[in-house]
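This briefing is meant to be read slowly, with the sequence and the structure side by side. Please locate each residue as it comes up before moving on to the next point.

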Amino acid sequence: MRKINKIIIHCSATPEGREVSVREIDGWHRQQGYNGIGYHYLIGLDGSVNAGRPEANIGAHCRGHNRDSIGVCYVGGCDAKMKPKDTRTPQQRTALRRLVAELQGRYPGATLHGHNEFAAKACPSFDVGKDW
């Protein structure tokens, strides 16, 4: 197993209320030249935690930080006009907290980050440091 030092939170950059599946994101990422979905987990609007890329595999979610991180994405992150917005449902907030706690238990010392800490993007459309 690879050494995990970071957990990086993303949003799917889709409009509030629009569900997106692992299969759909997998297709988007393949169109961009990746060998499948780049995130390790996707959290649906209902709080379901869906497996993406296996944890043992290097992600494709944050340039320069994929080798030592786990990528977690929640569905949403934009308002109806595609402007950044924290669109997490109560169920997504709960699921995200549980998943992060589980991952930090498996990878002691792993730090938590928003994608925007490593890229000039609004993703995940909320301040991870303030939220935790």
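How exposed is arginine 97, in terms of relative accessible area? Arginine 97 is partly exposed, with a relative accessible area of 39%, and this value, like those that follow, comes from a predicted model. The points below take up the sheet and the helix that packs on it, then the salt bridges, and finally some details of the backbone.

**The sheet and helix 2**

- Five strands form an open sheet in the order 4-3-5-1-7, and the pairing within this sheet is mixed.
- At the edges of the sheet are strand 4, which covers residues 49–51, and strand 7, each of which pairs on one side only.
- On average, and with direction ignored, neighbouring strands of this sheet are turned by 25° against each other.
- Strand 3 (residues 41–43) and strand 5 (residues 69–74) run parallel and are joined by 3 bridges, and leucine 42 stands opposite cysteine 73 in strand 5.
- Helix 2 packs on the sheet, where it touches strand 1, strand 3, strand 4, strand 5 and strand 7, and the direction of helix 2 makes about 155° with that of strand 3.

**Salt bridges**

- The structure holds 10 salt bridges, and one of them is formed by the side chains of glutamate 16 and lysine 85, with a distance of 2.7 Å from N to O.
- Glutamate 16 lies in the loop between strand 2 (14–15) and helix 1 (22–31), whereas lysine 85 lies in the loop between strand 6 (77–78) and helix 2 (90–106), so this salt bridge ties together parts that are 69 residues apart in sequence.
- Both partners are partly exposed, since the relative accessibility of glutamate 16 is 43% and lysine 85 has a relative accessible area of 35%.
- Another salt bridge joins the side chains of arginine 30 and aspartate 26, at 2.8 Å from N to O, and these two residues both lie in helix 1, 4 residues apart, which is about one turn of the helix.
- Arginine 30 is itself partly exposed, with a relative accessible area of 47%.
- Aspartate 131 forms a salt bridge with arginine 97, in which the closest N and O atoms are 3.6 Å apart.
- This pair links distant parts of the chain, with aspartate 131 in helix 3 (residues 128–131) and arginine 97 in helix 2, 34 residues apart.
- Aspartate 131 is partly exposed at a relative accessible area of 23%, and salt bridges that share partners join Asp86, Arg88, Arg93, Arg97 and Asp131 into one network.

**Backbone details**

- As background for this group, most residues other than glycine have a negative phi, and most peptide bonds are trans.
- Cysteine 123 and proline 124 are joined by a cis peptide bond, with omega about 20°, and proline 124 lies in the loop between strand 7 (111–114) and helix 3.
- Alanine 13 is not a glycine but has a positive phi, near 55°; alanine 13 is found in the loop between strand 1 (6–11) and strand 2, and at 40% relative accessibility it counts as partly exposed.
- Methionine 82 also is not a glycine, although its phi is positive at about 65°; methionine 82 lies in the loop between strand 6 and helix 2 and is partly exposed, with a relative accessible area of 41%.

Key:
Residues are numbered from 1 along each chain as its sequence is written. This is a predicted model: local features need pLDDT of at least 70, side-chain atom pairs count only at pLDDT 80 or more; totals for chains, interfaces and linings use all residues. Side-chain values use heavy atoms; hydrogens and water are left out. A salt bridge is a side-chain nitrogen of Lys or Arg within 4 Å of a carboxyl oxygen of Asp or Glu. Buried means under 20% relative accessible area, exposed over 50%, partly exposed in between (1.4 Å probe, protein chains only). Two strands pair if DSSP finds at least two bridges between them. Axes are lines fitted to C-alpha atoms, for helices over the stretch in contact, and angles run from 0 to 180 degrees between N-to-C directions. Contact means heavy atoms within 4.5 Å.
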